[in-house]
Amino acid sequence: MTTPQTLETRRITEELYALPATMPVADLGLLPVNSFLIRGSQPLLADTGLAPLGPALLDQIRHCIAPEEIRWIWISHADPDHTGNIEAVLQAAPQARLAMSFMTAGKLQLQGRSFERAEILTPGATLDIGDRQLQILQPPYYDAPETLSFFDPRSRALFAADAWGGLLQQPLSCATQMSQDTLRRAITDWLAIDVPYFHGLDANYLDAALNAVEDLHPDILLSGHLPPAPMAGLGTLLREIHADLQPGLARAA
Ligand SMILES: [Fe+2]
Ligand SMILES: [Fe+2]
């Protein structure tokens with residue numbers, strides 16, 4: 001497989017859908033590239049995927065709702081794997097407003113793309129989408145400083161942007177299809193490419209960031225670059241990977 005591919009829309013819960021795709025990364029494997037849809041009273045699309053897959057993304061959305069019902073388009077950050085189809089979705093969803101950070105908006109503007117229908121968000125704020133208040137967060141780690149994630153207290157899903165991304169060897173619909181060792185390898189391999197400073201993160205900083213996530217008691221991880229996963233154990237896994245990447249540091253028992 002040498003070109004991006006769209007996978008089947010997957011219903012995660014009653015109101016939550018994954019709109020997955022994969023992107024080949026040289027001969028190293030496949031990177032999942034996911035958008036997500038919350039079909040609440042004000043439907044929200046989280047990220048807009050890869051530009052070459054625009055028509056397929058709209059088909060994935062149609063599998064869940066009519067695109068014109070979308071009221072919010074969450075843009076986690078300005079990287080092209082998250083912003084490829086903003087214009088196409090805005091056109092298909094004339095009531096929709098973008099939700100993103102100030103710096104994401106600025107970077108999009110520098111790309112010659114500016115949008116009138118936008119809500120600027122900061123970590124710690126909430127976004128009212130009718131039947132739920134999304135809690136706006138900064139993910140535990142990221143590849144672009146403008147990145148925002150969110151927690152949906154109604155579905156108990158954590159949208160984590162690039163965090164917990166992993167490089168796969170085959171398309172998968174759920175992270176539980178991988179063994180724990182395969183999942184650890186997938187995340188470690190992608191960290192080396194996307195977040196090469198990860199090993200140098202202060203362990204206390206990472207621990208505090210993961211504790212803050214765990215204090216929300218999320219049930220489901222929605223990563224832009226991993227099949228949907230149960231959240232249990234994923235904070236511990238990141239702590240272990242961090243320790244593994246630091247020679248001479250003993251892993252906590
Ligand atoms: Fe990114
Ligand atoms: Fe990404």
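1. Donors are taken here as N, O and S atoms within 2.8 Å of the metal (3.2 Å for Na, K and Ca), and since water is not among the atoms, sites may look incomplete. This is a predicted model, in which local features need pLDDT of at least 70 and side-chain atom pairs count only at pLDDT 80 or more, while totals for chains, interfaces and linings use all residues. Side-chain values use heavy atoms, with hydrogens and water left out.

2. With that criterion, the iron ion (ligand 2) has as its protein donors Asp-81 (OD), His-82 (NE2), Asp-162 (OD) and His-225 (NE2), at 2.1 to 2.3 Å. Along the chain these donors follow the spacing D-H-x79-D-x62-H. Asp-162 also bridges to the iron ion (ligand 1), and the two ions lie 3.3 Å apart.

3. The arrangement around the iron ion (ligand 2) is irregular because its four donor atoms subtend angles of 81 to 163 degrees. For reference, four donors count as tetrahedral if all angles lie between 85 and 135 degrees; four count as square planar and six as octahedral if opposite donors are over 155 degrees apart and all others between 65 and 115; anything else is irregular.

4. His-82 lies in helix H2 (residues 80-83) and His-225 in the loop between strand E13 (220-222) and strand E14 (229-230), so the pair ties together parts that are 143 residues apart in sequence. Helices (H or I, at least four residues) and strands (E, at least two) are DSSP runs, numbered from the N terminus. His-82 is buried at a relative accessible area of 1%, and His-225 is likewise buried at 1%, where buried means under 20% relative accessible area, exposed over 50% and partly exposed in between (1.4 Å probe, protein chains only).

5. Strand E4 (residues 29-38) has 10 of its 10 residues buried. Strand E3 (residues 16-25) pairs with E4 in the antiparallel sense over 10 bridges, pairing being assigned if DSSP finds at least two bridges between two strands. Pro-24 stands opposite Leu-30 in E4, and in the hairpin of E3 and E4, with three residues between the strands, Ala-26 takes a positive phi near 45 degrees. E4 also pairs in the antiparallel sense with strand E5 (residues 44-46) over three bridges, where Ile-38 stands opposite Leu-44.

6. Helix H6 (residues 203-215) and helix H7 (residues 234-244) pack at about 170 degrees, with axes 10 Å apart; they are therefore roughly antiparallel.

Terms used: Residues are numbered from 1 along each chain as its sequence is written. Chains are lettered from A and ligands numbered from 1 in the order in which they are written. Axes are lines fitted to C-alpha atoms, for helices over the stretch in contact, and angles run from 0 to 180 degrees between N-to-C directions. Angles under 35 degrees count as roughly parallel, over 145 as roughly antiparallel, 65 to 115 as roughly perpendicular and the rest as oblique.
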